[in-house]
Amino acid sequence: MVNEIFKDTQVKMAKVVDHYRNEVATIRTGRANTGLVEPVRVDYYGSMTPLKNIAQISTPEPQVIVIQPFDPTSLGLIEKAVTSADLGLTPNNDGQIIRINIPPLTEDRRKEYVKLAHNMIEAGRVAVRNTRRESNDSLKKINKDHELSDDNLKRALDDIQEMTDKSIKELNGILENKEKEILN
């Protein structure tokens with residue numbers, strides 16, 4: 001029972017860290033990054049398809065993202081999807097590929113993006129702590145039902161706290177890297 005709680009907690013915390021890593025990747029940095037357009041979904045033959053499934057996305061230059069569709073007839077659909085995704089980016093369609101020029105960030109925009117990254121990571125920390133609370137409550141319930149001794153409860157709670165600290169440290173590392181990326 002305790003091992004199931006540990007595994008469940010580890011999986012949930014790993015999912016939280018991955019989710020917020022992907023969320024933070026969507027924040028612009030002033031440099032071209034394929035992560036900016038990867039969340040875009042294209043209405044491709046009636047189904048909403050992730051952009052990366054129907055096109056090759058690359059960054060041949062530091063300030064340019066190039067989208068090359070596998071099916072040339074989908075070029076207009078991709079352009080429309082990028083425009084309507086409200087990313088603050090303007091796609092340029094030359095008939096074969098789509099180029100997106102990434103404008104340099106102003107100092108104020110950089111500060112806004114850093115603040116946004118801080119808010120995202122704080123939400124991640126809260127999610128990790130909520131997972132810890134749920135796990136601790138489950139362990140305390142098992143202890144109350146006399147299926148877990150007090151010593152083992154203390155040890156288990158310490159292990160859950162260790163997982164929590166590790167996940168929060170990972171989130172802080174993600175934030176630190178993104179901050180450097182945005183400010184440089």
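**View 1. Lys12 and its partner Glu134, a link between two helices.** Lys12 is partly exposed, with a relative accessible area of 32%; here buried means under 20% relative accessible area, exposed over 50%, and partly exposed in between, using a 1.4 Å probe and protein chains only. This is a predicted model, in which local features need pLDDT of at least 70 and side-chain atom pairs count only at pLDDT 80 or more, while totals for chains, interfaces and linings use all residues. Residues are numbered from 1 along each chain as its sequence is written, and side-chain values use heavy atoms, with hydrogens and water left out. Glu134, the other half of the pair, is partly exposed too, at 39%. The two side chains meet in a salt bridge, 3.4 Å from N to O. Lys12 sits in helix 1 (residues 2-25) and Glu134 in helix 4 (residues 107-144), so this pair ties together parts that are 122 residues apart in sequence. A salt bridge is a side-chain nitrogen of Lys or Arg within 4 Å of a carboxyl oxygen of Asp or Glu. Helices (H or I, at least four residues) and strands (E, at least two) are DSSP runs, numbered from the N terminus.

**View 2. More salt bridges.** Searching the whole structure turns up 13 salt bridges. One of them joins Arg125 to Glu122, with the closest N and O atoms 2.6 Å apart. Both residues belong to helix 4 and sit 3 residues apart, about one turn of the helix. An α-helix has 3.6 residues a turn, so residues three or four places apart point the same way. Arg125 counts as buried at 14% relative accessibility, and Glu122 as partly exposed at 33%. Another salt bridge links Lys141 with Asp145, at 3.3 Å between the closest N and O atoms. Lys141 is exposed at 53%, while Asp145 is partly exposed at 40%. Elsewhere, Asp18, Arg21, Lys166 and Glu170 are linked in a network of salt bridges.

**View 3. Arg110, a buried charge without a salt bridge.** You'll find Arg110 in helix 4. Which side chain of opposite charge is nearest to Arg110? That is Glu107, 4.4 Å away, and Arg110 has no salt bridge even though it is buried. For charges, Lys and Arg count as positive and Asp and Glu as negative, with His and the chain ends not counted. Setting aside neighbours within four places in sequence, Arg110 is in contact with Thr29, Leu105, Ile182, Leu183 and Asn184; contact means heavy atoms within 4.5 Å.

**View 4. Helix 1 and helix 5, end to end.** Helix 1 has 24 residues, which at 1.5 Å a residue should span 34 Å, and its end C-alpha atoms are 35 Å apart, which agrees. For helix 5 (residues 150-183), the 34 residues should span 50 Å, and the ends are 49 Å apart, so that agrees as well. The expected span is 1.5 Å times one less than the number of residues. Buried residues of helix 1 include Val2, Ile5, Phe6 and Tyr20, and the buried residues of this helix pack against helix 4 and helix 5. In helix 5 the buried residues include Leu153, Ile160, Met163, Leu171 and Lys178. What covers the buried residues of helix 5 includes helix 1 and helix 4.

**View 5. An open sheet with a helix packed on it.** Four strands make up this open sheet, in the order 3-4-6-5, with antiparallel pairing. Strand 3 (55-61) and strand 5 (91-93) stand at the edges with a single partner strand each, so one side of each has no neighbour in the sheet. Neighbouring strands are turned by 25 degrees against each other on average, direction ignored. Helix 3 (residues 75-84) packs on the sheet, touching strands 3, 4, 5 and 6 (98-101), and its direction makes about 165 degrees with that of strand 5. Axes are lines fitted to C-alpha atoms, for helices over the stretch in contact, and angles run from 0 to 180 degrees between N-to-C directions. Strand 3 is joined to strand 4 (residues 64-69) by 5 bridges, and Ile57 stands opposite Ile67 in strand 4. Two strands pair if DSSP finds at least two bridges between them.

**View 6. The hairpin of strand 1 and strand 2.** Side chains alternate along strand 1 (residues 41-44): Val42 and Tyr44 point to one face and are buried, whereas Arg41 and Asp43 point to the other and are not. Strand 1 pairs with strand 2 (residues 47-50) in the antiparallel sense over 4 bridges, and the bridge partner of Val42 is Thr49. The hairpin has 2 residues between the strands, and Tyr45 takes a positive phi near 55 degrees.
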